[in-house]
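Student: I am new to this structure and would like a close look at a single part of it. Please take me through that part step by step, in one connected answer.

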Amino acid sequence: MSAAARRRLITPRQSQFCARVILWAMMAATLAVLVFIVLFVVKRGLAHVSWEFLTGAPSLSGKAGGVLPMIVGTLAVTALGVALATPLGVGTAIYLTEYTREGRITKIIRFGAECLAGVPSIIFGLFGFVFFVLVLGFGWSILAGGLTLAFMILPTVIRTSEEAIKSVPPSYREVALSLGASKWESIVKVVLPSAMPGILTGVILGVGRSISETAAVIFTSGSSLSKVIPTSLFDGTRTLAVHFYQLAREGISADKAYATATVLVLAILIINVTAYAIMSRFMKRYR
Amino acid sequence: MRFRLPEKVVERSLLLVAMSSVAILLLITVFIFREGGPLLVQVGLGNFFSGAWDPQHDQYGIALMVVGSFAVTSGALLIGVPFGIACAIVLAEMAPPRARSILKPAIEVLAGIPSVVYGFMGIVVLLPMIRTHIGGPGASALAGSIILGIMVLPTVIGISVDALQAVPRSYREASLALGATQWQTIRRVVLPAARSGIVAAVILGMGRAVGETMAVIMVAGNSVQMPHSPLDSVRTLTANIALEMGYAAGDHRAALFATGIVLFVIIMILNTLANLARGRLKKRSVVVVTLAATAADLVKPRAKPEEQ
């Protein structure tokens, strides 16, 4: 068969049709897998999520009881991480967008942030273990875990804040400056409030990442099962994700594992949907 | 007169804050190397990369873990890259705006599923499936590849979509105006123009796969052995660290940090490569040449002399 004849067998229009079908099918398969994971976990776990489960202490190494100490521990570690990463991230974003031109320094800062974003969480775990747990002597604690998470989510906060600040129209700054505000005043009183939803998105995404993190906190906050709610920054804690990992890997209790996974997945979904909802409304405003 | 913060002070303090991510990166480097470096020197780089892993007899070599990581990562890319790029093309080029505004957030939101949950899904769904339909113990390089292949999707999709959207509209219009179909435009104009961004997406997806820990531990089996088939159990570099860190001490712990150094260096190399690939995207006039060549090709595809 000649090349020309073969070419005519499949016209460009037909090959376009084939490509479309295949690509859309692959897209559908990808979405189906992701949706399947969520539905599978939630369907089997939701029946075991009760008020007692959410507010009770665990017993029999997690076979019975609830997950309240883990929820509190997760929230504490996350809050600490976000509280530290937000000022650092927003400050970096302000510097990058408002105070400097693109040059060597911005290149170094961007490269640093990008590399940090690519560092695997297990490396953060190793580092946090040596630096916070051993060298600074915090022990396996909420403090060590929160600091490690702060380092980990910093790049996310920087990136989203930078985008948010960039999307505030220059005219806003010009008006503030023309009214006699200093540069810093115009940033604090005009630019930051306008960019707030975007910054918030970054922070919320950071919360999501902190909650779902396992490898970085297991070596810094510890994994021992505690029946009491942690009360000090120096208390160790087992976060929800670490608890789930232990339940699943050691096959302690399938019901409790599904229930814990359901809590985790639903929390993450709510958090991420909120983040994207805020972001899309924010982006519409300045389009 | 109100007190005003002097601008110089503001600028200097912000610069200090902005250097924090660089400082953190340096801090991580210093401490990982401080813990693992001496052992690397003591064992010797050659031995560390080629020797056997037997901490009880003070033998620290990560060859089998390097093989494990390589096997699982390449498997993950084989699965994740085609699907990731397909999704990116659909999202950036084919989906109508309304469908896109639902599909893109859906994928990004679902990307937030914790890695332990992926690992758990591997245990309860994937491993039994492999056991009954393909054979073997279930926990294997294949299982690790599939789970990681799903987990790299958001990275590959996100960066590829950005790369595709960065291709100027006029390129597509020019191609369509020459009578090319949309698929010809995508395949011969848009994809070549976005190539370096897509390469960056693949590299960063690779970094994600190499660095993933918890999910891999749960499905890959973790035996320190040479895999002879995809159904054999493997242990990755990350799994090695996470599994033994809990009880390791002395040289053993230093060896785990040395494993961390290797992982860290791999990730840094991948990040730099991705950066280089993406940096090229901006100043490449080659794009224009590609476009011109493709356009010329499109105008007279049927007039080509037959070669066979």
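Tutor: The part to look at is the interface of chain B and chain A, in what is a predicted model. Here 82 residues of chain B are in contact with 85 residues of chain A. Putting the two chains together buries about 7,400 Å² between them, and carbon and sulfur atoms give 79% of that area. On the side of chain B, three residues can be picked out by name: B:Leu14, B:Val109 and B:Phe120. Together they supply 8% of the area that chain B buries against chain A, which is more than any other three residues supply.

Next come the contacts between charged or polar groups. The rule finds zero salt bridges across the interface of chain B and chain A. Polar contacts do occur, and the count between these chains is seven residue pairs, with both residues of a pair at pLDDT 80 or more. As for secondary structure, helix 13 of chain B, residues 250-282, gives the most to the side that touches chain A, with 12 residues. Sorted by class, that side of chain B has 56 nonpolar, 15 polar and 11 charged residues.

Some background on chain B helps to place this surface. Chain B has 308 residues, of which 53% count as buried. It holds 14 helices and two strands. Among the contacts in chain B with a separation of 6 or more, 73% are between residues 24 or more positions apart.

The partner, chain A, can be described through its domains. Chain A is divided into domain 1, residues 11-48, and domain 2, residues 51-285. The C-alpha centres of these two domains of chain A lie 30 Å apart. Within chain A, the domains also meet each other: eight residues of domain 1 are in contact with nine residues of domain 2. The area buried between domain 1 and domain 2 of chain A is about 740 Å², and carbon and sulfur atoms give 78% of it.

The same kinds of contact can be counted at this boundary inside chain A. Between domain 1 and domain 2 of chain A there are zero salt bridges. Two residue pairs are in polar contact there, both residues of each pair being at pLDDT 80 or more. The side of domain 1 of chain A that touches domain 2 has, by class, five nonpolar, two polar and one charged residues.

Conventions. Residues numbered from 1 in each chain as written. Chains lettered and ligands numbered in written order. Predicted model: local features only at pLDDT ≥ 70, side-chain atom pairs only at ≥ 80, totals over all residues. Heavy atoms only, no water. Contact = heavy atoms within 4.5 Å. Buried area = accessible area lost by both parts, 1.4 Å probe. Salt bridge = Lys/Arg side-chain N within 4 Å of Asp/Glu carboxyl O. Polar contact = N/O pair within 3.5 Å; in protein donor to acceptor, adjacent residues only side chain to side chain. Helix = DSSP H or I, 4+ residues; strand = E, 2+ residues; numbered from the N terminus. Nonpolar A, V, L, I, M, F, W, Y, C, P; charged D, E, K, R; others polar. Domains from an automatic or database assignment. Buried < 20%, exposed > 50% of the residue type's maximum accessible area, 1.4 Å probe, protein only.
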